[in-house]
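Me: I would like to go through the enclosed spaces, the ring contacts and the ligand surroundings of this structure, one question at a time.

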Amino acid sequence: GAALELVDVTKSYPGQTSPAVDGLSLSVPAGEMVMFVGPSGCGKTTSLKMINRLIEPTSGQLLLDGDDITTKDPTTLRRSIGYVIQGGGLMPHMTVAENVGLVPKLLNWDRGRIVSRVDELLDLVGLDPRIYRDRHPRELSGGQQQRVGVARGLAADPPVILMDEPFGAVDPITRQRLQDELMSIQDELQKTIVCVTHDIDEAIKLGDRILILDEGARIAQYDTPERILAA
Ligand code: ADP
Ligand code: ADP
């Protein structure tokens, strides 16, 4: 894992009266899973996208293991930060293997290494590579697409993984299975994970810490599930 730090990070979108993210400061310890919870529109996705620089902060600073990544280009960051979104966000015209191998390919891994990594990851998320590697996303269930999305986020073995409502689109039984898988992956690989959810039960189940946000991504609470439940 790697520690992640946000220092007074602000994002104002053009034409907005108040910032979407208003001076968020936060420290995520290495190897921990932090759950972002809060009402729709409070700035969760914007915060996440600033961390992997899909969105440029208006001001403030981002640190990864003490290194300033505020102005690092997103392609370089893909080595260190994996990204998983609701539904998997798979490219429809690409096979499962091509989707999972996307970031390694961008990082110029050689073909053999990508092929064996893809198979290893499909096994890890419970999809038999012999059956699934050459399928297209439309030939998979929602839960299977989500698994492929998780495999893609892990592909280049980044120390940090960002997840945005990763299990929002799957049925409750599959969700439970994916949550359990994520917890064992987290235990085994010691990843630093930031996960956005609207589901407080999911936050309590998965999180080492829970960040409860109000409008403007202002921190209402940041604590362990035990202490939040006791409050
Ligand atoms: P959440 O993920 O918590 O639902 P978002 O980060 O998506 O919240 O949005 C935070 C605020 O920023 C909302 O008021 C939203 O309308 C606004 N917003 C998000 N994306 C854009 C954008 N591209 N342009 C303008 N406003 C945006
Ligand atoms: P698109 O917008 O067409 O999905 P992108 O080039 O933005 O294409 O991203 C392709 C995929 O690469 C994304 O769906 C995402 O899973 C992954 N990705 C994008 N940005 C990052 C990033 N900063 N770090 C890790 N993975 C990323």
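Reply: Before the ligand is discussed, a polar contact should be defined as a pair of N or O atoms within 3.5 Å. The model is a predicted one.

Me: Which residue has a backbone N or O atom 3.4 Å from a nitrogen atom of ligand 2?
Reply: The surroundings of ligand 2 consist of Asn52, Leu54, Arg78, Ile81, Tyr83, Gly89, Met91, Leu102 and Arg152. A pair of N or O atoms has to lie within 3.5 Å to be a polar contact. The residue whose backbone N or O atom is placed 3.4 Å from a nitrogen atom of ligand 2 is Asn52.

Me: Which residue offers a side-chain N or O atom to a nitrogen atom of ligand 2 at 3.3 Å?
Reply: At Ile81, the atom 3.0 Å from a nitrogen atom of ligand 2 is a backbone N or O atom. An N or O atom of a side chain is found 3.3 Å from a nitrogen atom of ligand 2, and that side chain belongs to Arg78.

Me: Which element gives the most to the lining of the largest cavity?
Reply: The count of cavities of 30 Å³ or more comes to two, and the largest holds about 50 Å³ of space. Its lining is made up of Val125, Arg147, Val150, Phe167, Leu178, Glu181, Leu182 and Ile185. At least two lining residues come from each of α7 (142-154) and α8 (172-189). With four residues, the element that gives the most is α8.

Me: How many charged residues are in the lining of the second largest cavity?
Reply: The second largest cavity, with a volume of about 30 Å³, is lined by Val84, Val150, Leu154, Ile161, Met163, Leu182, Ile185 and Ile193. Two or more of these residues come from each of α7, β7 (160-164) and α8. The lining of the largest cavity has six nonpolar and two charged residues. In the second largest cavity, eight lining residues are nonpolar, and the number of charged ones is zero: there are no charged residues.

Me: Over the ring of which residue does the charged end of Arg113 sit?
Reply: Pairs between aromatic rings do not enter here, as their count comes to zero. A charge sits over a ring only if it is within 6 Å of the ring centre and within 35 degrees of the ring normal. The charged end of Arg209 sits over the ring of Tyr222, at 5.9 Å from its centre. For Arg113, the charged end is 3.6 Å from the centre of the ring it sits over, which is that of Trp109.

Conventions:
Residues numbered from 1 in each chain as written. Chains lettered and ligands numbered in written order. Predicted model: local features only at pLDDT ≥ 70, side-chain atom pairs only at ≥ 80, totals over all residues. Heavy atoms only, no water. 1 Å grid on protein atoms, 1.4 Å probe; cavity = no way out; pocket = protein on both sides within 12 Å on 5 of 7 lines; lining within 4 Å. Points joined across faces, edges and corners; volume = space filled by probe spheres on them. Nonpolar A, V, L, I, M, F, W, Y, C, P; charged D, E, K, R; others polar. Phe/Tyr/Trp six-rings, centres within 6.5 Å; stacked < 30°, edge-to-face > 60°. Near = heavy atom within 4 Å. Polar contact = N/O pair within 3.5 Å; in protein donor to acceptor, adjacent residues only side chain to side chain.
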